Amino acid sequence: MRRTTKGPLTDGAKVLVAYYSRSGNTREIARRFHQVVGGDIVEIEPVDPYPDDYHAVVKQANAEPSSGYLPPLQTNVENIGSYDVLFLDALVVRGDNAGKNAITKWLSKFE
Ligand SMILES: Cc1cc2nc3c(=O)[nH]c(=O)nc-3n(C[C@H](O)[C@H](O)[C@H](O)COP(=O)(O)O)c2cc1C
């Protein structure tokens, strides 16, 4: 996890920017956003990342159970309750599970 000084939009608040990115676009946006708002930034990373090739991603996602499957993650934030604001950034995915399940898994840890 990386930390910068607080930005002007979130003065007084403890901020966490969390993101899931498969091919890097969301990572770049999250990093730029983090430069503006400050706080901490963390990448949500599955233990087994989805492949680079789009068709391979779709194939793998389609092979996963259609509901309820939450992939193991290597990302953990011990002190999530200490943050005032959480910005969650993820790629757009259609009906496939890629990314969506990783985000759901990460959020489920903090219920
Ligand atoms: C499995 C899969 C499904 C996707 N479905 C959509 C979609 O329904 N609509 C859309 O606009 N983009 C869709 N995309 C494109 C991604 O949202 C887009 O490429 C995004 O910039 C990828 O972000 P990333 O580089 O952070 O992984 C899909 C990409 C993948 C891999």
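Four exercises on a predicted model follow, each with a worked solution.

Residues are numbered from 1 along each chain as its sequence is written. In this predicted model, local features need pLDDT of at least 70 and side-chain atom pairs count only at pLDDT 80 or more, while totals for chains, interfaces and linings use all residues.

**Exercise 1. Lay out the chain and state which elements have the lowest and highest mean pLDDT.**

Solution.
- Step 1. Take helices (H or I, at least four residues) and strands (E, at least two) as DSSP runs, numbered from the N terminus.
- Step 2. Count three helices and four strands. Along the sequence they read β-β-α-β-α-β-α.
- Step 3. Turn to pLDDT, the predictor's confidence in each residue, from 0 to 100. The chain average is 82, and 84% of the residues score at least 70.
- Step 4. Compare elements. Strand 1 (residues 2-4) has the lowest mean, 60, and strand 3 the highest, 95. Where pLDDT is low, the predicted coordinates should not be read in detail.

**Exercise 2. Trace the β-α-β unit made by strand 2, helix 1 and strand 3, and give its handedness.**

Solution.
- Step 1. Check helix 1 (residues 25-37). The expected span is 1.5 Å times one less than the number of residues. For the 13 residues of helix 1 that comes to 18 Å; the end C-alpha atoms lie 19 Å apart, which agrees.
- Step 2. Leave the helix. Just after helix 1, G38 has a positive phi of about 75 degrees.
- Step 3. Pair the strands (DSSP must find at least two bridges between them). Strand 2 and strand 3 (residues 39-43) are parallel, with four bridges. V17 faces I41 in strand 3.
- Step 4. Assign the hand. With the strands pointing away from the viewer, a right-handed crossover runs clockwise from the first strand over the helix to the second. This unit is right-handed.

**Exercise 3. Find the largest nonpolar core and the element that gives the most to it.**

Solution.
- Step 1. Apply the burial cut-offs. A residue is buried if 20 or more other C-beta atoms lie within 10 Å of its own, exposed if 12 or fewer, and partly exposed in between; C-beta atoms are placed from the backbone. Of the 111 residues, 23% are buried.
- Step 2. Join the buried Ala, Val, Leu, Ile, Met, Phe, Trp, Tyr and Cys residues through C-beta atoms within 7 Å. The largest core has twelve residues: V15, L16, V17, A18, Y19, Y20, A30, I41, I44, A102, I103 and W106.
- Step 3. Sort by element. Strand 2 (15-20) and helix 3 (100-108) each give two or more residues. Strand 2 gives the most, six.
- Step 4. Look at helix 3. N101, A102, I103 and W106 are buried there. The buried residues of helix 3 pack against strand 2 and strand 4.

**Exercise 4. Are L88 and V42 buried or partly exposed, and what does L88 contact?**

Solution.
- Step 1. Place them. L88 is in strand 4 (residues 85-90), and V42 is in strand 3.
- Step 2. Count neighbours. L88 has 14 other C-beta atoms within 10 Å, so L88 is partly exposed. V42 has 18, so V42 is partly exposed too.
- Step 3. List contacts (C-beta atoms, placed from the backbone, within 7 Å). Beyond four places in sequence, L88 touches A18 and I103.
- Step 4. Check C-alpha distances. L88 and Y19 are 69 residues apart along the chain but separated by 5.7 Å. V42 and Y20 are 22 residues apart in sequence and 9.0 Å apart in space.
- Step 5. Widen the view. Among contacts between residues at least 6 apart in sequence, 80% join residues at least 24 apart.

Methods: Contact = placed C-beta atoms within 7 Å.
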